[in-house]
Amino acid sequence: DQAEAGADALEALLPRADEVTYDMFDDVRFIDAGEAFEAITCPLCGKDAQAWWEGAMDQAAETEFEELSVVATCCGGATNLNALIYQPAAAFARFTLVATNAGVGKLAPEALVPVEAALGCAVRVVRQKV
């Protein structure tokens, strides 16, 4: 019911989208920007995390992304793969709402409040370019 409500709220927010759908997965997935990928930065020290990120992703994949905790080799701090700063944004999820060809630029955080209220959780916008 919440998934349907979230899709309805997103459709109301993005009425020009070609389609609004949702997907639920049995396991955690990495949702990324596709061809638009630019950089990954450590949230603790601000340094480039790409050098150690791939190995950390391989290790997390062994647990089907149930365990995302990592020690950032750039600064030695404890963080998690979902907290890294992906440019453009990326996330780990078991559920996605998808608005195809939404026809909008960047969404203000307050615009997402109805979607988050319908879902009962925070959302992260990941713009995919395929």
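Here are two short exercises on aromatic pairs and a charged patch, each with a worked solution.

The model is predicted, so local features need pLDDT of at least 70 and side-chain atom pairs count only at pLDDT 80 or more, while totals for chains, interfaces and linings use all residues. Residues are numbered from 1 along each chain as its sequence is written, and side-chain values use heavy atoms, with hydrogens and water left out.

**Exercise 1.** Work out what kind of pair the rings of Trp 53 and Tyr 86 make, and whether each residue is buried or exposed.

*Solution.* Start with the rule: rings of Phe, Tyr and Trp (its six-membered ring) pair if their centres lie within 6.5 Å, and planes under 30 degrees apart are stacked, over 60 edge-to-face, the rest tilted. Next, the geometry: the centres sit 6.4 Å apart with planes at 75°, so this pair is edge-to-face. Then place the partners: Trp 53 is in helix α2 (residues 50-61) and Tyr 86 in strand β5 (residues 85-87), so the pair ties together parts 33 residues apart in sequence. (Helices, H or I with at least four residues, and strands, E with at least two, are DSSP runs numbered from the N terminus.) Last, burial, which means under 20% relative accessible area, with exposed over 50% and partly exposed in between (1.4 Å probe, protein chains only): Trp 53 is buried at 17%, and Tyr 86 is buried at 7%.

**Exercise 2.** Find where Asp 8 is and which negative surface patch Asp 8 helps form.

*Solution.* Asp 8 sits in helix α1 (residues 2-13). With a relative accessible area of 47%, Asp 8 is partly exposed. Its patch partners are Asp 1, Glu 4 and Glu 11; patch residues have over 30% relative accessible area and no salt bridge (a Lys or Arg side-chain nitrogen within 4 Å of an Asp or Glu carboxyl oxygen), with like charges joined within 9 Å and nonpolar side chains (Val, Leu, Ile, Met, Phe, Trp, Tyr) within 5 Å.

Technical notes. Accessible areas come from the Shrake-Rupley method with a 1.4 Å probe; for residues, only the protein chains shown count as cover. Lys and Arg count as positive and Asp and Glu as negative; His and the chain ends are not counted. The place of a charge is taken as NZ of Lys, CZ of Arg, CG of Asp or CD of Glu.
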